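Here is a friendly walk through the structure, going from domains to chain contacts and then down to single residues. Keep the 3D view open as you read.

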Amino acid sequence: MLRYIAHRLLGLIPVLIGVSLLVFLSVWVIPGDVVDIMMGDEMAQSAAAIERLRAQMNLDEPIHIRYLTWIGNVLQGDLGVSLISGEPVLDQILRRAPVNFQLMLMAMFFIIVIGIPLGTLAAYKQFTWIDNTIRIGAIFGYVIPNFWLATIAVLIVSLYFPRSGVLHYVPFSEDPIANIRGLLLPGLVLSLTTVTYIVRLTRATVLDALRQDYVRTARAKGLSERIVMTVHVIPNSMIPVATVLGIQVGVLIGGLVLTEEIFMLPGIGRMILLSIESRDFMVLAGSILFVAVIFVLVNLIIDILYAFLDPRIRY
Amino acid sequence: MHDTRTISRTDERPPDAAGSDDAVAETDQVLSPTRLAWKSFRRSKLGLVGSLMVLLLIVIAIGGEQFSPYDAYSMDSSVSLEPPSLAHPAGTDRFGRDQLTRLMEGTRISMLVSFVAVVLSLVIGIPLGLIAGYYGGLAGTVIMRGVDVVFAFPTILLALMLVATLGASLPNLILAIAVIFQANVVRIVRASVMSVKEREFVEAARAVGARDSVIMAQFILPNVLSPVIVQATFHLSLAIFIEAALSFLGLGTQPPTPSWGLMLNESRTFMEFAPWLTIFPGLAIIFAVLGFNLMGDALRDAFDPRLSQR
Amino acid sequence: MNRTRNITFPSMRRTLGGVLLALVLPLGVASAQERGGIIYVASDTPPVGLDPHIAIAYSSLAAYEHVYETLFRYDADMNLVPALAVSVEQPDDVTYVFKLREGVVFHNGEVMDANAVKFSFDRILDPNTASPRGSTFETIESVTVIDDYTVEIKVKEPFPAFLTLISATNYAAIVSPRAVEEHGDLQRVAIGTGPFRLVKYETGARIVYERFDDYWDEGKPYVDGLEFTFTRDETTRIAALRRGAVQIGWVREPRLASLLKDEPHLNIQQAAPIRHQRLFMRTDQPPFDNVLVRQALSVATDRDEIIKTILLGYGTLSASVPPGVPPYAVPADEVGSLPYQQYDPERAKKLLAEAGYPDGFEFTLLSSPHGFDYITTAEVLQQQWSKVGIKVNIESVDWGAALSRWRKGAFTAFLIANAWAPDPSNYVEMFHSQSDSNYYGHNDPKLDELLDQQATVVNLEKRTQLWREIQAYIAETAPALYLYGMTPRYEVVNVAVEGYRFMPNASRSYLREAWLKK
């Protein structure tokens, strides 16, 4: 097991080098730069002054020099400062990350309290109308784009409940209750795709467990259905569900950009979009790298846990 | 969905504790697996429905505006923001353009993006996967590290970054989607190749001195294709989703091209005054994604009969 | 002092009175101002830097205009009124002597005096600052401190736009020398003499201002602070305005403003039509190096149709100086009688044939979906021009890429609306063959001569006359096509806010006069 972990950790190094290169190069070849944006559509400006401004911001250095400087600083934990505001990129990320973290927790909460019970119910009532309704619902839930659902949710709330406060984000430190209220809807929308996936998965694993010999034995012994389900079926069918839940953390990270944009939440996703728009390349490179590293680490932890749980995987 | 990882990971090791490697191994028993799968696919009612939906989309994409009395681009300020009516079943936008006609035009964009991107991903991914799986070595390592880098990003984020880099436009969007998908294709192809290449019939062919290219074309490729086809079908729906999502963010298809995501983006300004502009493009996306997904589900069940019993 | 009256920026009331007065609350009937409270403002684009000498974009100006002040400033009718200076005298055409206001302090406690003024102008002119305004003010010969509260500025030749220009906060803000010394540049801090202090700037998300208690204009501002949030999405701003989460927020699209008119607790004010939509061409490359082609394009354009379809009627015709810049601008109702402004496809075909393109030609039009009316206007043009055999391919790129290509001259034709500028010359000077911002390769000796001439004419009437001539000449030679003029923004204001006026130039500096009704 330790060898496996070491092997995976070593494997990370080339990936992270590749990731940092890809992020940095992509970001810096985006057409247009922050000076273009700073000058906006102002007509009167001096081309010479603009070039000097570029030089002042070190935008005219060769790209490999800029990459090496950047990656050197990154390795020391310094993601640089915003080209626009001078605010350290890391400060900005740390200010915004709690929003994302909360949102993920919220989404996970919905996934667990909606997905697993519905899936179990569908399996238990297989081939009844309950099962069919849940399955069809799951298919639709799976294909509805969550950004569209989010837009519709915003529409409905702003038309019928404009003063309910569910569309108004408040930092947790200012008002915890209003904060949670403001994250309910985004969390629910963000979780939807995963909920439907977990419903289908839970249904399949529970069905699997129901067919196992030990369940038959338990039933033959005359145990009540409730005990059969809670003691034998559900615990045994949850291991694969738990692993997939882990994998879904990564999926949720990907869904954040759109969710934040629609609900106007001040998280890292909007930071990325804003910095693309304003060509604040330090912020953009830093925030994408941050998300990618988190994503890679989450996946690694899931893989290790999986290897731990599933004896067939050995390296 | 909405992230290639869901699909790929479950394909690699489905949570019901049956690796797809075994699945591939099982499908080429006795009779031609492809024919068996086809039989099973035809029996699936949902698969049929899905295929019909996709067919309808293709017809609309090809026929396009011919089905409509309006032009998707010409503006008429006298009917700005009209709610759905007989004359305009899906209403009009702020410039008085008929939304149904624009949705039909958008179908063309969605179909174009998804099919071209998927074909491109196969063209890149299959050879790379074959090389990585069959030869391994340095080339294989390099390929797989590249794939790992692609997998180090959430799909939407990578697409967003690539499109921003290349410049937001339809061809660049297609390219970005293809780059992301090919990583998935490479993984699947490689896994299948590795499981097939040690089998007796390949060993036998090698023993009688068949060239690598012949072995690959005759023995390995056919066995690799079924999981790839299933994956490609899911990619088709995922491509529609990515196109819509990026266009929605303003980083995909550029106006004046009426793509569904772009129409959603433009609808936001008037959302409260003209909700039909928000509702219909979403329904179009759902329709297309559902069609491809039903088709994909049926295909997967057909190629892997054990799953369909559930 | 009296000389100032002659060169004062003329009132807009003459041309816009009806529209503006109907829209705003009359200032005179103010009941006693109430104090306290915070005004929440919804804005669209976050500032891109805060240094008033470097970040000259409108989004930045909108953020630091509450913090920095200038020697003179505009009142709500765009007349120049004293601010950090109490008066100006002009002993001759090239000398300005400013008497400064005493008892003004910066937010860091430093006293605003002649040294600070000289420091600010020197900083703009210093090449190391890399201020884009350096070239604007290159005719400044010297800035001299006479005594603690008197500054003399000499220009090399008569500079009629001088006072107008230095009154704009993104041209010549007076900055604190100590702040520059402490921070190196001012991109991330804002330390001025203005009514509000900047207390928090969360990049891209939020700006918080606090009332500056030592503000020189005693008693002002009336509110305790301002809080700006940034959302590009107009719907979100409107939703926030409707439920009262913000008291002030602007929308850009006329159709949207028209839908909000009926909300009982919201008032709508609007800026003057200072924004115009323009099509630039590379006039040094075929096909647009031929003036006949440009003229053909101009008469092949049905401007009324564009105004009707894209603006749904909420716009006017515009010459090369937008109609919201009186008295220089050709009034909107007279633009139609300038040369080559009337829609006439037959004439366009004739001109094309004469130019050697009897079957038309094809070109690529670059633009960006930055505003609702960029690509859509391009689409209407595409349709209109197809009728005379000209095929247009629209290339749409995002804003940053568009700006970059614009400045590199990497386009054949480029569609872009303008930002506000204080002087008519700012709208047209890029066509001067010597201009730094001539990205179009335009070279017309006669236009150069006219532009040189207007730059030194001090007499308002003569200068106006000259400007009418320039606009007619530009209409005729068409270095760019002017499609329409419109207001850049509609300010939606909650009825609880009193005393506030949205400026004709879309400035929110009157927040210093606003108070909240309890």
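Let's begin with chain C, whose assignment gives three domains: domain 1 (22-44 + 195-271 + 489-518), domain 2 (69-178) and domain 3 (275-486). Please keep in mind throughout that this is a predicted model. Between domain 2 of chain C and domain 3 of chain C, the centres taken over C-alpha atoms are 34 Å apart. These two domains do touch: 10 residues from domain 2 of chain C and 8 residues from domain 3 of chain C take part in the contact. On the side of domain 2 of chain C that touches domain 3 of chain C, the classes are 5 nonpolar, 3 polar and 2 charged residues.

Chain A is also split by its assignment, here into domain 1 (2-75) and domain 2 (96-314). The centres of domain 1 of chain A and domain 2 of chain A, taken over C-alpha atoms, lie 34 Å from each other. Their contact brings together 19 residues of domain 1 of chain A and 14 residues of domain 2 of chain A. On the domain 1 side of this contact, α1 (2-29) and α2 (34-39) of chain A each provide at least two residues, and α1(A) gives the most, with 12 residues. By class, that side of domain 1 of chain A, touching domain 2 of chain A, holds 14 nonpolar, 2 polar and 3 charged residues.

Next come the contacts between chains. Chain A meets chain B through 47 residues of chain A and 42 residues of chain B. On the chain A side, two or more residues come from each of α1, α6 (129-143), α7 (146-160), α8 (176-210), α10, α11 (268-278) and α12 (281-309) of chain A. The largest share of that side belongs to α10(A), which supplies 12 residues.

Chain C touches chain A as well, with 43 residues of chain C in contact with 38 residues of chain A. On the chain C side, α3 (58-64), β8 (196-202), α8 (234-242), α15 (399-408) and α16 (424-428) of chain C each supply at least two residues. Here α15(C) gives the most, with 5 residues.

The table sets out the residue classes for these two sides.

| Side | Nonpolar | Polar | Charged |
|---|---|---|---|
| Chain A, touching chain B | 34 residues | 11 residues | 2 residues |
| Chain C, touching chain A | 20 residues | 16 residues | 7 residues |

Helix α10 of chain A is worth a second look for its packing inside the chain. Helix α5 (residues 89-124) of chain A and helix α10 (residues 225-263) of chain A pack at an angle of about 145°, their axes being 10 Å apart. The crossing of α5(A) with α10(A) is right-handed. From α5(A), the contact uses A:N100, A:L103, A:M104, A:A107, A:I111, A:I116, A:T120 and A:Y124, while α10(A) brings A:M229, A:I234, A:V241, A:L245, A:Q248, A:V249, A:L252 and A:L256. In class terms, the contact of α5(A) with α10(A) has 13 nonpolar, 3 polar and no charged residues.

A:I239 also sits in helix α10 of chain A. Is A:I239 buried or partly exposed? A:I239 counts as partly exposed because 15 C-beta neighbours lie inside 10 Å. Its C-alpha atom is separated by 44 Å from that of A:S82, and the two residues are 157 apart along the chain.

Finally, chain B. Its secondary structure comes to 13 helices and 0 strands. Of its 310 residues, 56% count as buried. Taking contacts in chain B between residues at least 6 apart in sequence, 70% join residues at least 24 apart.

Which residues touch the most other members of the largest nonpolar core? Among the 354 residues of this core, they are B:A159, B:L160 and B:I177. Helix α10 (residues 212-248) of chain B contributes the largest share of the core, 17 residues. Setting aside neighbours within four places in sequence, B:L160 is in contact with A:V257, B:L246, B:L249 and B:L251.

Conventions: Residues numbered from 1 in each chain as written. Chains lettered and ligands numbered in written order. Predicted model: local features only at pLDDT ≥ 70, side-chain atom pairs only at ≥ 80, totals over all residues. Axes fitted to C-alpha atoms, helices over the stretch in contact; angles between N-to-C directions. Helix = DSSP H or I, 4+ residues; strand = E, 2+ residues; numbered from the N terminus. Left-handed = near helix turned anticlockwise from the far one by under 90°. Contact = placed C-beta atoms within 7 Å. Nonpolar A, V, L, I, M, F, W, Y, C, P; charged D, E, K, R; others polar. Buried ≥ 20, exposed ≤ 12 C-beta atoms within 10 Å, placed from the backbone. Domains from an automatic or database assignment. Core = buried A, V, L, I, M, F, W, Y, C linked by C-beta atoms within 7 Å.
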